[in-house]
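Here are a few exercises to work through at your own pace. Have a look at the model first, then try each task before reading its solution.

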Amino acid sequence: MKRFDRINCMNAEEAVKLIRSGDHIYIQGSTSVPENLVDALAKRGNELRNVTVYSGFAVARRESPLCVPEFKDSFLIDSFFVSNAFRKWIAEGYGSMTPRFLGEVPELFRDGTCKVDVALINCSLPDENGFVSYGVSADLAVSAVECAERVLAQINPAVPFTPGDALIHLSKLAAAVMVDDPLVEVPTGEPTEKEIKIGNAIAELIPDGATLQIGVGGIPNAVIRALKDHRHLGLHTEAMTDGVLPLLESGVIDNSNKKVMPGKSVASLALGSKQLYDFLDHNDDVVFKDVAWTNDPIRIAQNPKVMSINSCLEVDLTGQVCADSIGRTIFSGVGGQHDFVYGSSRSEGGLSFLAMLSTTNKGISKIKPVLTEGAGVVTTRFQTNYIVTEYGAVNLRGKNLAERARLMISVAAPEFREELEKEAYKRFGYFFKNHCLR
């Protein structure tokens, strides 16, 4: 390991003195938020003004210390994906979010639309050549660091060294802060009986030799568990989770049929347990790339049999999918859903699956006559392929609106089907009643 005598080592409080009023800063995400630097920045809240804070997909330990009323004019939160650190703050109207496909955010940094003065990142220990890795979060960090005037980095032995785009030499750091701070863990929970039904339904439609994109959550992980008897699968995804470990370790995922980086599992970020982070450390079989690269639909489509598997919040009878908001309240963001839905549609033999439980925890149907007022359309009715609930999988491709309504009702919770039929008849009239067979 290279020694640190020739780099700008300092503590977090000294490092954040390099941030000035009016700066635009990027805070790294996934489970690798540089929280020591963020805590130190919060201590300067009374002396800074109009510091714009960009963030993407992230799982933080807590609400951000930047989000307190007395700092509302100090730190202007502008998220591209609303994380738990900023969700309440934005919902209360103190911060905002910029709608953009996550794969297109790097272009905003690179063309200067969203200026980046400072990047705060969480890095691994250096290799023998003095390079450190951004670990589990290449996504937006690659472009933000590339464009930043000043890079402030935590050097953290808990961060895995991951091959790929997310590397920077120690000499390029304006400040290096030594920490020993474990990454946030998001272990894979046991799927419920209903999630297992969804996972099995999707797995049955996935052929051997497919290239997987797996979203985050219980349902995507239930799909992964159901793929244990498949062969020669590949992985080209935005987010890697614990769920894929058994498939990688057993050889089910061997990436032998991929056309883009064959033999390698490709991701832009990771979130999971320490077991996953340890697996990724110096693992040359896994490559982390800029999210603009992983989420490029044209590149995605070059792989055969791309299977895009994501969750959603609600769907209307025509196949419009909301995945980012609960009514008017922004809950998360678009992420890569759109990119992989489109990429899979252009892949030879590709399919996309948007899955959800049929009802909310409060027993409200997630299949609606029309989307809830204010709900955002993430995947349009023109792009929707398979919709899956615990009541089955329906393929909307090539189906007219009335036919779609009939299919959507068939996978709704039984107690809501009669009312949905009434609403569908009101909307589609004669055609629905007489030309859509039950």
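A disulfide is a pair of cysteine sulfur atoms within 2.5 Å. Keep in mind that this model is predicted.

**Exercise 1.** Work out how many disulfides the structure holds, and check C312 and C123 along the way.

*Solution.*
- Start with C312: the closest cysteine sulfur belongs to C322, and it sits 8.6 Å away, so that's too far for a bond.
- C312 has a relative accessible area of 6%, so this residue is buried.
- Now take C123: its closest cysteine sulfur is in C9, at 12 Å, which is again too far for a bond.
- C123 is buried too, with 0% relative accessibility.
- The final tally for the structure is zero disulfides.

**Exercise 2.** Find out how many cavities of 30 Å³ or more there are, then describe the largest cavity.

*Solution.*
- The count comes to two cavities of 30 Å³ or more.
- The largest cavity has a volume of about 140 Å³.
- It's lined by 17 residues, and those closest to its centre are V33, A60, S64, A85 and F86.
- Sort that lining by class and you get eight nonpolar, six polar and three charged residues.

**Exercise 3.** Describe the second largest cavity in terms of its volume and its lining.

*Solution.*
- The volume is about 40 Å³ for the second largest cavity.
- Its lining includes T31, S32, V33, E35 and R61.
- Also lining the second largest cavity are N122, D181, P182, L183 and V184.
- By class, this lining splits into four nonpolar, three polar and three charged residues.

Conventions: Residues numbered from 1 in each chain as written. Predicted model: local features only at pLDDT ≥ 70, side-chain atom pairs only at ≥ 80, totals over all residues. Heavy atoms only, no water. 1 Å grid on protein atoms, 1.4 Å probe; cavity = no way out; pocket = protein on both sides within 12 Å on 5 of 7 lines; lining within 4 Å. Points joined across faces, edges and corners; volume = space filled by probe spheres on them. Nonpolar A, V, L, I, M, F, W, Y, C, P; charged D, E, K, R; others polar. Buried < 20%, exposed > 50% of the residue type's maximum accessible area, 1.4 Å probe, protein only.
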